[in-house]
Protein chains: 2
Amino acid sequence: MLLSKSCIYGMRAALYLASSSNNKYISIKQISNDLDISPHFLTKILQELTRVDLLESQKGPTGGVRLKRAGDEVTLVEIVAAIDGMDLLTECALGLPGCGTAKPCPLHEQWADTRDEIKKMLQDTTLSDLVRKGKEGNLRITADGSFDWLPKEN
Amino acid sequence: MLLSKSCIYGMRAALYLASSSNNKYISIKQISNDLDISPHFLTKILQELTRVDLLESQKGPTGGVRLKRAGDEVTLVEIVAAIDGMDLLTECALGLPGCGTAKPCPLHEQWADTRDEIKKMLQDTTLSDLVRKGKEGNLRITADGSFDWLPKEN
DNA sequence: CATATTTAAGACCATCTTGTCTTAATTATA
DNA sequence: TATAATTAAGACAAGATGGTCTTAAATATG
Ligand code: FES
Ligand code: FES
(Lines give C-alpha, C1' and ligand atoms only; values in the text may rest on other atoms or scores of the structure.)
(Ligands and ions follow the chains in the order given, each with its own letter.)
Protein backbone atom coordinates (compact mmCIF):
# COMPACT_ATOMS: atom_id res chain seq x y z
CA MET A 1 0.00 0.00 0.00
CA LEU A 2 1.27 3.46 -0.84
CA LEU A 3 -0.12 5.21 2.23
CA SER A 4 -0.98 3.80 5.64
CA LYS A 5 -4.59 3.75 6.78
CA SER A 6 -3.76 6.36 9.39
CA CYS A 7 -2.49 8.63 6.64
CA ILE A 8 -5.53 8.05 4.46
CA TYR A 9 -7.86 8.79 7.36
CA GLY A 10 -5.89 11.92 8.15
CA MET A 11 -6.17 13.08 4.55
CA ARG A 12 -9.86 12.45 4.35
CA ALA A 13 -10.44 14.33 7.60
CA ALA A 14 -8.29 17.21 6.37
CA LEU A 15 -10.36 17.35 3.19
CA TYR A 16 -13.49 17.37 5.31
CA LEU A 17 -12.21 20.29 7.34
CA ALA A 18 -11.03 22.15 4.24
CA SER A 19 -14.50 21.82 2.77
CA SER A 20 -15.99 23.83 5.61
CA SER A 21 -16.24 27.40 4.34
CA ASN A 22 -16.34 29.18 7.68
CA ASN A 23 -13.37 27.78 9.52
CA LYS A 24 -15.17 26.92 12.76
CA TYR A 25 -14.18 24.13 15.13
CA ILE A 26 -15.79 20.83 14.20
CA SER A 27 -15.92 17.95 16.68
CA ILE A 28 -13.99 14.82 15.82
CA LYS A 29 -17.13 12.87 16.60
CA GLN A 30 -18.97 14.60 13.77
CA ILE A 31 -16.09 14.02 11.37
CA SER A 32 -15.87 10.35 12.29
CA ASN A 33 -19.61 9.98 11.84
CA ASP A 34 -19.68 11.66 8.45
CA LEU A 35 -16.59 9.87 7.15
CA ASP A 36 -17.39 6.54 8.79
CA ILE A 37 -14.08 6.24 10.62
CA SER A 38 -13.63 4.87 14.13
CA PRO A 39 -13.85 7.95 16.39
CA HIS A 40 -11.13 6.93 18.83
CA PHE A 41 -8.74 6.02 16.09
CA LEU A 42 -9.41 9.23 14.22
CA THR A 43 -8.87 11.18 17.42
CA LYS A 44 -5.40 9.75 17.75
CA ILE A 45 -4.56 10.62 14.16
CA LEU A 46 -5.89 14.16 14.38
CA GLN A 47 -3.98 14.67 17.62
CA GLU A 48 -0.85 14.01 15.60
CA LEU A 49 -1.88 16.58 13.00
CA THR A 50 -2.58 19.04 15.80
CA ARG A 51 0.83 18.35 17.31
CA VAL A 52 2.56 19.35 14.07
CA ASP A 53 0.40 22.47 13.77
CA LEU A 54 -1.54 21.44 10.71
CA LEU A 55 -4.69 21.59 12.84
CA GLU A 56 -5.62 23.48 15.95
CA SER A 57 -8.01 22.18 18.56
CA GLN A 58 -10.21 23.38 21.35
CA LYS A 59 -11.62 21.31 24.19
CA GLY A 60 -15.05 21.45 25.71
CA PRO A 61 -18.49 22.11 24.25
CA THR A 62 -18.33 23.98 20.91
CA GLY A 63 -14.78 22.64 20.72
CA GLY A 64 -13.25 20.49 18.02
CA VAL A 65 -10.54 20.82 15.42
CA ARG A 66 -9.97 23.05 12.42
CA LEU A 67 -7.25 23.79 9.88
CA LYS A 68 -4.61 26.08 11.28
CA ARG A 69 -3.67 27.41 7.83
CA ALA A 70 -5.83 28.11 4.79
CA GLY A 71 -6.63 25.04 2.71
CA ASP A 72 -4.87 26.40 -0.35
CA GLU A 73 -1.64 26.60 1.62
CA VAL A 74 -1.66 23.01 2.81
CA THR A 75 -0.27 20.38 0.44
CA LEU A 76 -0.77 16.65 0.69
CA VAL A 77 2.90 15.99 1.29
CA GLU A 78 2.62 17.76 4.64
CA ILE A 79 -0.01 15.34 5.82
CA VAL A 80 1.94 12.35 4.54
CA ALA A 81 5.10 13.62 6.19
CA ALA A 82 3.31 14.16 9.51
CA ILE A 83 1.77 10.70 9.65
CA ASP A 84 3.81 8.29 7.52
CA GLY A 85 7.02 10.25 7.44
CA MET A 86 9.11 10.96 4.38
CA ASP A 87 10.44 7.41 3.98
CA LEU A 88 8.40 6.70 0.86
CA LEU A 89 9.95 9.73 -0.81
CA THR A 90 13.54 9.17 0.22
CA GLU A 91 14.19 5.47 0.61
CA CYS A 92 15.59 2.83 -1.71
CA ALA A 93 13.06 0.70 -3.55
CA LEU A 94 15.07 -2.38 -2.62
CA GLY A 95 15.22 -1.37 1.04
CA LEU A 96 18.97 -0.77 1.05
CA PRO A 97 20.28 1.92 3.39
CA GLY A 98 21.19 5.34 2.10
CA CYS A 99 19.46 5.57 -1.27
CA GLY A 100 21.45 7.56 -3.79
CA THR A 101 24.49 8.13 -1.64
CA ALA A 102 27.58 6.23 -2.73
CA LYS A 103 26.64 3.04 -4.56
CA PRO A 104 23.00 2.99 -5.60
CA CYS A 105 21.05 -0.17 -6.40
CA PRO A 106 20.19 -1.19 -9.98
CA LEU A 107 16.65 0.09 -9.61
CA HIS A 108 17.75 3.50 -8.41
CA GLU A 109 17.52 5.33 -11.71
CA GLN A 110 13.99 4.14 -12.46
CA TRP A 111 12.77 4.48 -8.91
CA ALA A 112 14.21 7.95 -8.39
CA ASP A 113 12.22 9.14 -11.39
CA THR A 114 9.03 7.46 -10.31
CA ARG A 115 9.46 8.64 -6.76
CA ASP A 116 9.84 12.20 -7.98
CA GLU A 117 6.52 11.87 -9.79
CA ILE A 118 4.85 10.82 -6.56
CA LYS A 119 6.56 13.60 -4.67
CA LYS A 120 5.61 16.22 -7.21
CA MET A 121 2.01 15.04 -7.14
CA LEU A 122 1.86 15.31 -3.36
CA GLN A 123 3.64 18.66 -3.31
CA ASP A 124 1.58 20.24 -6.05
CA THR A 125 -1.82 19.25 -4.70
CA THR A 126 -3.43 21.40 -2.02
CA LEU A 127 -6.44 20.57 0.07
CA SER A 128 -8.34 23.36 -1.69
CA ASP A 129 -7.54 21.83 -5.07
CA LEU A 130 -9.19 18.62 -4.02
CA VAL A 131 -12.12 20.32 -2.32
CA ARG A 132 -12.82 22.34 -5.45
CA LYS A 133 -12.65 19.23 -7.58
CA GLY A 134 -14.75 17.31 -5.12
CA LYS A 135 -17.48 19.94 -5.01
CA GLU A 136 -17.59 20.36 -8.77
CA GLY A 137 -17.80 16.64 -9.50
CA ASN A 138 -19.64 15.66 -6.34
CA LEU A 139 -16.86 13.13 -5.75
CA ARG A 140 -16.73 10.86 -2.75
CA ILE A 141 -14.51 10.70 0.28
CA THR A 142 -16.49 7.90 1.90
CA ALA A 143 -16.88 4.28 0.83
CA ASP A 144 -20.56 4.70 0.09
CA GLY A 145 -20.35 8.22 -1.30
CA SER A 146 -22.54 9.59 1.48
CA PHE A 147 -20.48 12.71 2.04
CA ASP A 148 -21.90 15.40 -0.19
CA TRP A 149 -19.67 18.46 0.23
CA LEU A 150 -22.50 20.52 1.73
CA PRO A 151 -21.26 23.87 2.84
CA LYS A 152 -21.29 23.45 6.60
CA GLU A 153 -22.60 26.64 8.16
CA ASN A 154 -23.64 25.22 11.51
CA MET B 1 6.46 1.59 2.02
CA LEU B 2 5.92 0.94 -1.66
CA LEU B 3 6.82 -2.75 -1.61
CA SER B 4 6.69 -5.26 1.23
CA LYS B 5 9.92 -6.74 2.55
CA SER B 6 8.92 -10.10 1.13
CA CYS B 7 8.61 -8.50 -2.29
CA ILE B 8 11.96 -6.73 -1.99
CA TYR B 9 13.67 -9.94 -0.93
CA GLY B 10 12.05 -11.79 -3.81
CA MET B 11 13.26 -9.17 -6.26
CA ARG B 12 16.79 -9.21 -4.97
CA ALA B 13 16.90 -12.99 -5.16
CA ALA B 14 15.49 -12.90 -8.67
CA LEU B 15 18.21 -10.44 -9.66
CA TYR B 16 20.77 -12.73 -8.11
CA LEU B 17 19.50 -15.67 -10.12
CA ALA B 18 19.30 -13.62 -13.31
CA SER B 19 22.93 -12.63 -12.86
CA SER B 20 24.04 -16.24 -13.12
CA SER B 21 25.06 -16.75 -16.73
CA ASN B 22 24.67 -20.53 -16.89
CA ASN B 23 21.21 -21.10 -15.55
CA LYS B 24 22.12 -23.82 -13.03
CA TYR B 25 20.22 -24.53 -9.83
CA ILE B 26 21.52 -22.46 -6.94
CA SER B 27 20.70 -23.37 -3.36
CA ILE B 28 18.57 -20.95 -1.38
CA LYS B 29 21.16 -21.18 1.37
CA GLN B 30 23.79 -19.72 -0.92
CA ILE B 31 21.47 -16.95 -2.04
CA SER B 32 20.53 -16.09 1.52
CA ASN B 33 24.19 -16.02 2.50
CA ASP B 34 25.24 -13.79 -0.37
CA LEU B 35 22.28 -11.42 -0.04
CA ASP B 36 22.24 -11.48 3.77
CA ILE B 37 18.61 -12.50 4.06
CA SER B 38 17.20 -14.95 6.62
CA PRO B 39 17.34 -18.37 4.89
CA HIS B 40 14.04 -19.70 6.20
CA PHE B 41 12.22 -16.53 5.33
CA LEU B 42 13.72 -16.40 1.88
CA THR B 43 12.78 -20.04 1.35
CA LYS B 44 9.14 -19.21 1.98
CA ILE B 45 9.25 -16.33 -0.47
CA LEU B 46 10.99 -18.28 -3.21
CA GLN B 47 8.50 -21.11 -2.75
CA GLU B 48 5.85 -18.61 -3.69
CA LEU B 49 7.77 -17.59 -6.81
CA THR B 50 8.17 -21.27 -7.67
CA ARG B 51 4.45 -21.84 -7.19
CA VAL B 52 3.63 -19.18 -9.79
CA ASP B 53 6.22 -20.62 -12.19
CA LEU B 54 8.62 -17.71 -12.11
CA LEU B 55 11.21 -20.08 -10.66
CA GLU B 56 11.69 -23.81 -10.83
CA SER B 57 13.27 -25.87 -8.09
CA GLN B 58 14.94 -29.18 -7.50
CA LYS B 59 15.35 -30.95 -4.18
CA GLY B 60 18.35 -32.82 -2.91
CA PRO B 61 22.09 -32.31 -3.32
CA THR B 62 22.94 -30.16 -6.36
CA GLY B 63 19.39 -28.89 -6.07
CA GLY B 64 18.19 -25.33 -5.63
CA VAL B 65 16.20 -22.81 -7.60
CA ARG B 66 16.61 -21.09 -10.95
CA LEU B 67 14.65 -18.82 -13.26
CA LYS B 68 12.12 -20.70 -15.28
CA ARG B 69 12.15 -18.15 -18.10
CA ALA B 70 14.99 -16.05 -19.49
CA GLY B 71 15.80 -12.95 -17.45
CA ASP B 72 14.96 -10.62 -20.31
CA GLU B 73 11.46 -12.00 -20.40
CA VAL B 74 10.68 -11.44 -16.73
CA THR B 75 9.49 -8.00 -15.71
CA LEU B 76 9.39 -6.60 -12.20
CA VAL B 77 5.64 -6.34 -12.20
CA GLU B 78 5.40 -10.13 -12.30
CA ILE B 79 7.36 -10.44 -9.10
CA VAL B 80 5.34 -7.70 -7.43
CA ALA B 81 2.10 -9.30 -8.56
CA ALA B 82 3.17 -12.72 -7.26
CA ILE B 83 4.13 -11.49 -3.80
CA ASP B 84 2.31 -8.25 -3.02
CA GLY B 85 -0.51 -8.61 -5.51
CA MET B 86 -1.74 -5.92 -7.87
CA ASP B 87 -3.44 -3.81 -5.19
CA LEU B 88 -0.87 -1.02 -5.41
CA LEU B 89 -1.58 -0.69 -9.12
CA THR B 90 -5.36 -0.86 -8.99
CA GLU B 91 -6.59 0.57 -5.70
CA CYS B 92 -7.80 4.00 -4.66
CA ALA B 93 -5.23 6.24 -3.00
CA LEU B 94 -7.80 7.08 -0.33
CA GLY B 95 -8.61 3.42 0.27
CA LEU B 96 -12.14 3.66 -1.08
CA PRO B 97 -13.56 0.55 -2.75
CA GLY B 98 -13.69 0.26 -6.54
CA CYS B 99 -11.26 2.92 -7.75
CA GLY B 100 -12.35 4.53 -10.99
CA THR B 101 -15.68 2.80 -11.24
CA ALA B 102 -18.66 5.05 -10.70
CA LYS B 103 -17.79 7.97 -8.45
CA PRO B 104 -14.05 8.40 -8.05
CA CYS B 105 -12.42 10.25 -5.15
CA PRO B 106 -10.95 13.74 -5.53
CA LEU B 107 -7.43 12.34 -5.74
CA HIS B 108 -8.30 9.91 -8.50
CA GLU B 109 -7.09 11.97 -11.44
CA GLN B 110 -3.68 12.66 -9.93
CA TRP B 111 -3.24 9.21 -8.49
CA ALA B 112 -4.28 7.39 -11.64
CA ASP B 113 -1.51 9.23 -13.49
CA THR B 114 1.10 8.58 -10.86
CA ARG B 115 0.05 4.98 -10.52
CA ASP B 116 0.45 4.51 -14.26
CA GLU B 117 4.01 5.78 -13.97
CA ILE B 118 4.75 3.19 -11.32
CA LYS B 119 3.07 0.49 -13.37
CA LYS B 120 4.92 1.44 -16.52
CA MET B 121 8.20 1.40 -14.66
CA LEU B 122 7.55 -2.07 -13.30
CA GLN B 123 6.28 -3.38 -16.61
CA ASP B 124 9.12 -1.95 -18.69
CA THR B 125 11.95 -3.16 -16.49
CA THR B 126 13.22 -6.71 -16.93
CA LEU B 127 15.56 -8.59 -14.65
CA SER B 128 18.16 -8.55 -17.42
CA ASP B 129 17.93 -4.76 -17.65
CA LEU B 130 18.84 -4.47 -14.02
CA VAL B 131 21.54 -7.14 -14.17
CA ARG B 132 23.18 -5.37 -17.09
CA LYS B 133 23.05 -2.07 -15.28
CA GLY B 134 24.26 -3.70 -12.10
CA LYS B 135 27.24 -5.33 -13.76
CA GLU B 136 28.22 -2.21 -15.66
CA GLY B 137 28.10 0.08 -12.65
CA ASN B 138 29.03 -2.52 -10.05
CA LEU B 139 25.86 -1.52 -8.21
CA ARG B 140 24.75 -3.15 -4.99
CA ILE B 141 21.92 -5.45 -4.07
CA THR B 142 23.09 -5.90 -0.47
CA ALA B 143 23.19 -3.39 2.35
CA ASP B 144 26.98 -3.41 2.50
CA GLY B 145 27.60 -3.74 -1.24
CA SER B 146 29.26 -7.11 -0.79
CA PHE B 147 27.59 -8.73 -3.78
CA ASP B 148 29.83 -8.16 -6.78
CA TRP B 149 28.00 -9.62 -9.78
CA LEU B 150 30.69 -12.24 -10.36
CA PRO B 151 29.71 -14.60 -13.10
CA LYS B 152 28.91 -17.74 -11.15
CA GLU B 153 30.31 -20.68 -13.04
CA ASN B 154 30.43 -23.17 -10.18
C1' DC C 1 20.44 -49.12 -0.07
C1' DA C 2 22.01 -45.55 3.37
C1' DT C 3 23.12 -40.97 3.94
C1' DA C 4 23.42 -36.25 3.44
C1' DT C 5 21.48 -32.29 1.18
C1' DT C 6 18.03 -29.78 -0.39
C1' DT C 7 13.14 -27.78 -1.10
C1' DA C 8 8.05 -28.02 0.78
C1' DA C 9 4.88 -27.23 4.21
C1' DG C 10 3.28 -25.40 8.06
C1' DA C 11 3.38 -24.39 13.13
C1' DC C 12 4.92 -20.92 15.89
C1' DC C 13 6.61 -16.39 17.73
C1' DA C 14 7.85 -11.26 17.38
C1' DT C 15 6.90 -6.85 15.84
C1' DC C 16 4.22 -3.34 13.72
C1' DT C 17 -0.19 -1.44 12.40
C1' DT C 18 -4.87 -0.88 13.33
C1' DG C 19 -8.51 -0.29 16.38
C1' DT C 20 -10.87 -0.02 21.20
C1' DC C 21 -11.30 1.59 25.68
C1' DT C 22 -10.51 4.21 29.98
C1' DT C 23 -9.13 8.17 32.43
C1' DA C 24 -7.69 12.94 32.84
C1' DA C 25 -7.72 17.77 31.57
C1' DT C 26 -10.09 21.64 29.61
C1' DT C 27 -13.96 24.65 28.70
C1' DA C 28 -18.70 26.52 27.33
C1' DT C 29 -22.97 27.02 29.39
C1' DA C 30 -26.89 26.82 32.48
C1' DT D 1 -20.20 26.47 40.54
C1' DA D 2 -21.87 22.17 38.64
C1' DT D 3 -22.44 19.76 34.49
C1' DA D 4 -21.78 18.04 30.13
C1' DA D 5 -18.98 17.99 26.10
C1' DT D 6 -14.86 17.74 24.12
C1' DT D 7 -9.70 16.88 23.19
C1' DA D 8 -5.33 14.58 25.31
C1' DA D 9 -2.95 10.71 26.72
C1' DG D 10 -2.03 6.24 26.99
C1' DA D 11 -3.12 1.28 28.16
C1' DC D 12 -4.75 -2.51 25.85
C1' DA D 13 -6.50 -5.91 22.18
C1' DA D 14 -6.76 -7.67 17.46
C1' DG D 15 -4.82 -8.42 13.07
C1' DA D 16 -1.21 -8.28 9.59
C1' DT D 17 3.49 -8.69 8.44
C1' DG D 18 8.01 -10.28 9.28
C1' DG D 19 10.86 -13.92 10.87
C1' DT D 20 12.16 -18.62 13.19
C1' DC D 21 11.92 -23.42 13.70
C1' DT D 22 10.58 -28.31 13.00
C1' DT D 23 9.24 -32.04 10.24
C1' DA D 24 8.45 -34.26 5.87
C1' DA D 25 9.49 -35.35 1.10
C1' DA D 26 12.61 -35.73 -2.65
C1' DT D 27 17.07 -36.78 -4.69
C1' DA D 28 22.17 -37.06 -5.82
C1' DT D 29 25.94 -39.73 -4.44
C1' DG D 30 28.83 -43.15 -2.18
S1 FES E 1 19.61 3.06 -3.96
FE2 FES E 1 17.92 1.75 -4.40
S3 FES E 1 16.46 3.15 -5.16
FE4 FES E 1 18.12 4.49 -4.65
S1 FES F 1 -11.14 6.43 -6.69
FE2 FES F 1 -9.59 7.19 -5.36
S3 FES F 1 -7.82 7.00 -6.58
FE4 FES F 1 -9.34 6.17 -7.89
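Which residue of chain A comes closest to the rotation axis? I will start there and then go through the two DNA strands, the pocket and the cavity. Please keep in mind that this is a predicted model.

The answer is A:Leu2, whose C-alpha is 2.7 Å from the axis. As for the axis itself, chain A superposes on chain B by a rotation of 180° with 0.0 Å of shift along the axis, and the RMSD is 0.0 Å. That is the relation of a two-fold axis. Both copies use the same surface, since 100% of the contact residues of chain A recur in chain B.

Now to DNA strand C. There are 25 residues around this strand, and the nearest are A:Ser38, A:Phe41, A:Gln58, B:Ile28 and B:Ser57. Of the strand C atoms that come within 4 Å of the protein, 63% belong to sugar and phosphate.

I have three contacts to show on strand C, each through the protein backbone. At B:Ile28, a backbone N or O atom sits 2.7 Å from a phosphate oxygen of the strand. At A:Pro61, a backbone N or O atom is 3.4 Å from a sugar or linking oxygen. At B:Gly60, a polar backbone atom is 3.3 Å from a base oxygen. Which elements give two or more residues to the surface near strand C? From chain A they are α1, residues 5-18, and α3, residues 39-51; from chain B they are α3, residues 39-51, and β1, residues 55-58. The most comes from α3(B), with 4 residues. By class, this surface has 14 polar, 6 charged and 5 nonpolar residues.

Next, DNA strand D. Here 24 residues surround the strand, and A:Ile28, A:Ser57, B:Ser38, B:Lys44 and B:Gln58 come nearest. Sugar and phosphate make up 60% of the strand D atoms that lie within 4 Å of the protein.

The contacts I picked for strand D are through side chains. A:Ser57 places a polar side-chain atom 2.7 Å from a phosphate oxygen. The side chain of B:Tyr9 has an N or O atom 3.5 Å from a phosphate oxygen. For a base, look at A:Gln47, where an N or O atom of the side chain is 3.4 Å from a base nitrogen. At least two residues each are supplied to this surface by α3 and β1 (55-58) of chain A, and by α1 (5-18) and α3 of chain B. The split is 14 polar, 5 nonpolar and 5 charged.

That leaves the empty space. Rolling a probe the size of a water molecule over the atoms shows where such space is left.

The largest pocket holds about 520 Å³. It is lined by 28 residues, and those closest to its centre are A:Met1, A:Ile8, B:Glu91, B:Cys92 and B:Gly95. Two elements give two or more residues to the lining, α1 of chain A and α5 (87-90) of chain B. Of the elements, α1(A) gives the most, with 4 residues. The lining divides into 18 nonpolar, 6 charged and 4 polar residues.

Last, the cavity. How many cavities of 30 Å³ or more does the structure hold? There is 1, and the volume of the largest cavity is about 30 Å³. Its lining consists of A:Ala14, A:Leu49, A:Leu54, A:Leu55, A:Leu67, A:Val74, A:Ile79 and A:Leu127. By class, that lining is 8 nonpolar residues, with no polar and no charged ones.

Conventions: Residues numbered from 1 in each chain as written. Chains lettered and ligands numbered in written order. Predicted model: local features only at pLDDT ≥ 70, side-chain atom pairs only at ≥ 80, totals over all residues. Heavy atoms only, no water. Near = heavy atom within 4 Å. Polar contact = N/O pair within 3.5 Å; in protein donor to acceptor, adjacent residues only side chain to side chain. Nonpolar A, V, L, I, M, F, W, Y, C, P; charged D, E, K, R; others polar. 1 Å grid on protein atoms, 1.4 Å probe; cavity = no way out; pocket = protein on both sides within 12 Å on 5 of 7 lines; lining within 4 Å. Points joined across faces, edges and corners; volume = space filled by probe spheres on them. Least-squares fit on C-alpha atoms with pLDDT ≥ 70 in both. Contact = heavy atoms within 4.5 Å.
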